[in-house]
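Trainee: Could you walk me through a protein model, one small step at a time? I would like to learn how to read one.

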Amino acid sequence: DLRALNQRLQREIAERERMQQSLEVAEHSLAQSSKLAALGEMSAAVSHELNQPLAAMKTYLAGARLLLQRKRSEEALSSFQRIDDLIGRMGAITRQLKSYARKGEEAFEPLDMREAVSEALAMMEPQLKSRRVAINRTMPAAPVLVLCDRLRLEQVFINLFRNAIDATKDSDEPQIELILSAGENAIMSVHDNGHGIADLESLFEPFYTTKQPGDGVGLGLAISSGIINDFGGRLTAWNAPDGGAVFEVQLPILKSGQEAAE
């Protein structure tokens with residue numbers, strides 16, 4: 001009996017050792033997977049941020065080359081100035097990415113949402129021209145002030161505009177309607193005449209995408225939603241009754257007293 005008990009204990013010890021080794025292997029694999037996932041998210045974020053300035057720079061360089069060939073040097077200098085501005089923006093983006101994990105208000109400042117919309121549209125100019133997408137803008141005459149980080153808000157708008165352009169690729173007359181209004185909150189809506197949203201519940205989940213491989217990794221809306229939440233607002237979406245999708249950004253209006261305090 002003692003011999004049998006001893007053999008059973010030895011078998012249990014050996015089994016526990018095998019289980020411990022398997023657990024260590026699983027923990028190592030999980031840690032490695034987490035590192036790869038984090039690396040993938042970071043790479044996607046960098047690509048997501050820098051792709052638009054690079055595309056715009058390519059367009060301005062092509063235009064400047066044509067202008068120089070036609071001896072229109074003054075107009076070409078204007079294109080070079082835009083390229084210089086874009087290079088400065090890319091530098092600001094990389095600095096922003098370095099501190100992306102630090103969520104604070106050190107970069108928050110009063111910002112007119114109309115300016116953020118205009119800047120985002122300027123960044124999307126190459127895609128809008130190549131796809132011939134009509135943009136209908138409705139903006140208030142007075143400034144719509146919010147407290148946020150300018151680059152990150154423009155990042156959200158660029159992502160929403162890009163998605164709207166992609167959604168209208170099968171439309172005969174692609175168009176996007178932008179409406180900015182101000183009341184208790186600043187509300188920016190982006191309405192396209194595309195195919196609409198198939199799965200609203202999963203829309204803001206990381207890595208959810210309906211795009212073909214190579215066209216997107218499904219992080220844009222998840223990142224955008226997180227940015228708007230950081231600003232004390234919210235990003236929502238729904239399918240419009242007349243077709244297409246509507247994305248709405250709501251942010252707290254910056255009161256005059258708050259602006260003075262800042």
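**Reading the chain**

Mentor: Read along the sequence, the pattern of this chain is α-α-β-α-α-β-β-α-β-β-α-β-β-α. The model is predicted, so local features need pLDDT of at least 70 and side-chain atom pairs count only at pLDDT 80 or more, while totals for chains, interfaces and linings use all residues. Residues are numbered from 1 along each chain as its sequence is written, and side-chain values use heavy atoms, with hydrogens and water left out.

Trainee: How many helices and strands does the chain have?

Mentor: Helices (H or I, at least four residues) and strands (E, at least two) are DSSP runs, numbered from the N terminus. In the pattern, each α stands for a helix and each β for a strand. The chain has seven helices and seven strands.

Trainee: What is the order of the strands in the open sheet?

Mentor: Strands of a sheet pair through backbone hydrogen bonds, either parallel or antiparallel. Two strands pair here if DSSP finds at least two bridges between them. The open sheet has five strands with mixed pairing, and their order is 2-4-5-7-6.

Trainee: Which strands are the edge strands?

Mentor: Look for strands that pair on one side only. The edge strands are strand 2 (134-138) and strand 6 (234-239).

Trainee: In which sense do strand 2 and strand 4 pair, parallel or antiparallel?

Mentor: Arg137 has Leu178 in strand 4 as its bridge partner. Five bridges join strand 2 and strand 4, and the sense of the pairing is parallel.

Trainee: How many residues lie between strand 4 and strand 5 in their hairpin?

Mentor: Strand 4 and strand 5 pair over seven bridges in the antiparallel sense. Ile176 stands opposite Asp192 in strand 5. In the hairpin that strand 4 and strand 5 form, the number of residues between them is two.

Trainee: Which residue stands opposite Ala237 in strand 7?

Mentor: Strand 6 and strand 7 (residues 245-252) run antiparallel and are joined by six bridges. Opposite Ala237 in strand 7 stands Phe247.

Trainee: Which helix lies across strand 4, strand 5, strand 6 and strand 7?

Mentor: Strand 4 covers 175-182 and strand 5 covers 185-192. The helix covers residues 150-167 and runs at about 25° to strand 5. Such angles run from 0 to 180 degrees between N-to-C directions, with axes fitted to C-alpha atoms, for helices over the stretch in contact. The helix that lies across these strands is helix 5.

Trainee: Is Leu160 buried or exposed?

Mentor: Leu160 is found in helix 5. Leaving aside neighbours within four places in sequence, Leu160 is in contact (heavy atoms within 4.5 Å) with Val190, Leu221, Leu235, Phe247 and Val249. Buried means under 20% relative accessible area, exposed over 50%, and partly exposed in between (1.4 Å probe, protein chains only). Because its relative accessibility is 3%, Leu160 counts as buried.

Trainee: What is the relative accessible area of Thr168?

Mentor: Thr168 lies in the loop between helix 5 and strand 4. Leaving aside neighbours within four places in sequence, its contacts include Arg131, Val133 and Asp192. Thr168 is buried, with a relative accessible area of 0%.

Trainee: Is Lys71 buried or exposed?

Mentor: Lys71 sits in the loop between helix 1 and helix 2 (73-98). Lys71 is not a glycine, yet it has a positive phi of about 65°. Because its relative accessibility is 75%, Lys71 counts as exposed.

Trainee: Which residue meets Arg152 in a salt bridge?

Mentor: A salt bridge is a side-chain nitrogen of Lys or Arg within 4 Å of a carboxyl oxygen of Asp or Glu. The side chains of this pair meet at 2.9 Å, N to O. The pair links distant parts of the chain, helix 5 and helix 6, 78 residues apart. The partner of Arg152 is Asp230.

Trainee: How many salt bridges does the structure hold?

Mentor: Among them is the pair of Arg72 and Glu75, whose side chains meet at 2.7 Å, N to O. Another joins the side chains of Asp112 and Arg114 at 2.8 Å, N to O. The number of salt bridges in the structure is four.
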